[in-house]
Amino acid sequence: MHTACFIDGAFVPARDGRTFAVRNPATDAIVAQVAEGGAGDARAAVDAAARAFPAWKSLAAIERARHLRRIAELMHRDAERLADLCSQECGKPLAEARTEVSYAASFLEWYAEEGKRVYGETIPASDPAKRLLVLRRPCGVAAAITPWNFPIAMVTRKMGPALAAGCTQVVKPAEQTPLSALAIAALAGEAGLPAGVLNVVPGTDAPAIASAFLDTLHVRHVSFTGSTEVGRILLRQSAEQVVRMSLELGGHAPFIVFDDADLDAAVAGAMASKFRNAGQTCVCANRFLVQRGVHDAFVDRLTAAVAALKVGDGRAAGTQIGPLIDDAGLRKAEAHVADARALGARATTGGARAAVAGCADRFMQPTVLVGVTPAMRCFREETFGPVAPVCAFDHEADALRIANDTPYGLAAYVFTRDGARIVRMTEELQYGIVGVNDALPATAQAPFGGVKHSGLGREGGRQGIEEYLDLRYVSWRVG
Ligand code: NAP
């Protein structure tokens, strides 16, 4: 297990020698003591990335692709070890962690290919003596700040496009989950990635590390995934050096089920969307809007499926719902349930903490709430826990109005068989991602990201690499 900072191709202790403990949220057991990187380490990482940039950007895209593919191959080779590490530090069930490893590798595989297609343009000039060209050049050092809920995939989703574009990178992983990022760095080293192309600075003083990233002209792009609150702080800080930002922030996804939906598919989708990672995903359904005609049938089936979920340590066989990431996460989910109940909602299953033998008191029973109204906290804020609030609606226009009545705009889901309605909903929902009869739309090939307070920019797809490229216009007088 690698626990030191990864700077300039080597694992090195923090400059001041300090470490911090990474704990398994299921058991509170210490998984490892990890280097407590700070501003000095972050600056050293940026310097290493800046030194590595000229040679890396000059490599042929096909060579950069080989490096990315090799790292992906090593991830597949070590999938079981990476999944176990991921489960240990973020608590998610092993089966989900295994899926995360292959999802994470897919960003390296996709961008290994996409990096070969960074085409320029020629423009017909009005002056026949000129040739006008548009080149797309890697922007410089890219910084990545990642959250704990997908400790591997959030790193590679930023690393794939950055490295494929020819940028070098510095990464600050979430303090709860630095080990997965360091494991990826070790595989990059094993794959022969040149020193300084990828650097990882773990630490608990995120503002100090982020400030060091943003305090230099070398860093020309920051990709952040996390809360809207921190996204705003970084956006303000980026003004000083006029740095480009990609922000993947909070979500508050509506999951809309119409009377004409395939109810089996809608319930299966609801389970996949809401309860993956114990409800701690930014695109997970946060509010269920169900048309009156199928409301009771949907609630009955959802309740039966939710009641059957197995809560436990993510590493234990058969676990489907792991712990919340920390005590604050548990308290927030509980507070949302208590607020909803106080205002008249009822739990058809769950609604309380779950006791798991031999584990910490950090588990929540998967919960379905009915009689929920837009006045309740769970209908206005991201819960980030295994709580499914259901609200009935009568007309399509009501569903649309309620769904859009939020400052967030990451993902929305619609379950219906009506083609014309699908067109109306996909055009009118104010969201960056719309899943139509599909609860798991995220994939390396498609642009992922939100509108309004859910963020700026896109990750994934051919759009994802654009974030790391500067346009350079060349006006060439030939006669
Ligand atoms: P968070 O507190 O914003 O943390 C995310 C990252 O930012 C961590 O690495 C954290 O470091 C760092 N950070 C914290 N304060 C900072 C500061 N002042 N300056 C610079 N960096 C700072 O978010 P979280 O609570 O871990 O994650 C949950 C949120 O992320 C949810 O709102 C969720 O919706 C969102 N999310 C969005 C997406 C998406 O793609 N849109 C994906 C996943 C999660 P420390 O860990 O050291 O504090």
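This section describes the ligand site and two residues with unusual backbone angles in a predicted model.

The ligand is surrounded by 30 residues. Thr146, Trp148, Glu175, Ser227 and Glu382 come nearest. Polar contacts to ligand oxygen atoms involve both side chains and backbone. A polar side-chain atom of Glu382 lies 2.5 Å from an oxygen atom of the ligand. For Trp148, an N or O atom of the side chain is 2.7 Å from a ligand oxygen. Gly226 contributes through its backbone, with a polar atom 3.2 Å from an oxygen atom of the ligand. Taken alone, the ligand exposes 900 Å². The protein buries 87% of that area.

Helix 7 (206–214), strand 10 (219–225) and helix 8 (228–241) each give two or more residues to the shell around the ligand. Helix 7 supplies the largest share, three residues. By class, the shell holds 16 nonpolar, nine polar and five charged residues. Both domains take part: domain 1 (5–249 + 454–477) and domain 2 (253–443) each provide at least three shell residues.

Two backbone angles were also examined. Most residues other than glycine have a negative phi. Asp28 is not a glycine, yet its phi is positive, at about 70 degrees. Asp28 sits in the loop between strand 3 (19–23) and strand 4 (30–35). Its relative accessible area is 31%, so Asp28 counts as partly exposed. Asn437, also not a glycine, has a positive phi of about 55 degrees. The loop between strand 21 (433–436) and strand 22 (451–452) contains Asn437. Asn437 is partly exposed because its relative accessibility is 41%, between the 20% and 50% cut-offs.

Notes:
Residues numbered from 1 in each chain as written. Predicted model: local features only at pLDDT ≥ 70, side-chain atom pairs only at ≥ 80, totals over all residues. Heavy atoms only, no water. Near = heavy atom within 4 Å. Polar contact = N/O pair within 3.5 Å; in protein donor to acceptor, adjacent residues only side chain to side chain. Areas by Shrake-Rupley, 256 points an atom, 1.4 Å probe, with all protein chains shown as cover. Helix = DSSP H or I, 4+ residues; strand = E, 2+ residues; numbered from the N terminus. Nonpolar A, V, L, I, M, F, W, Y, C, P; charged D, E, K, R; others polar. Domains from an automatic or database assignment. Buried < 20%, exposed > 50% of the residue type's maximum accessible area, 1.4 Å probe, protein only.
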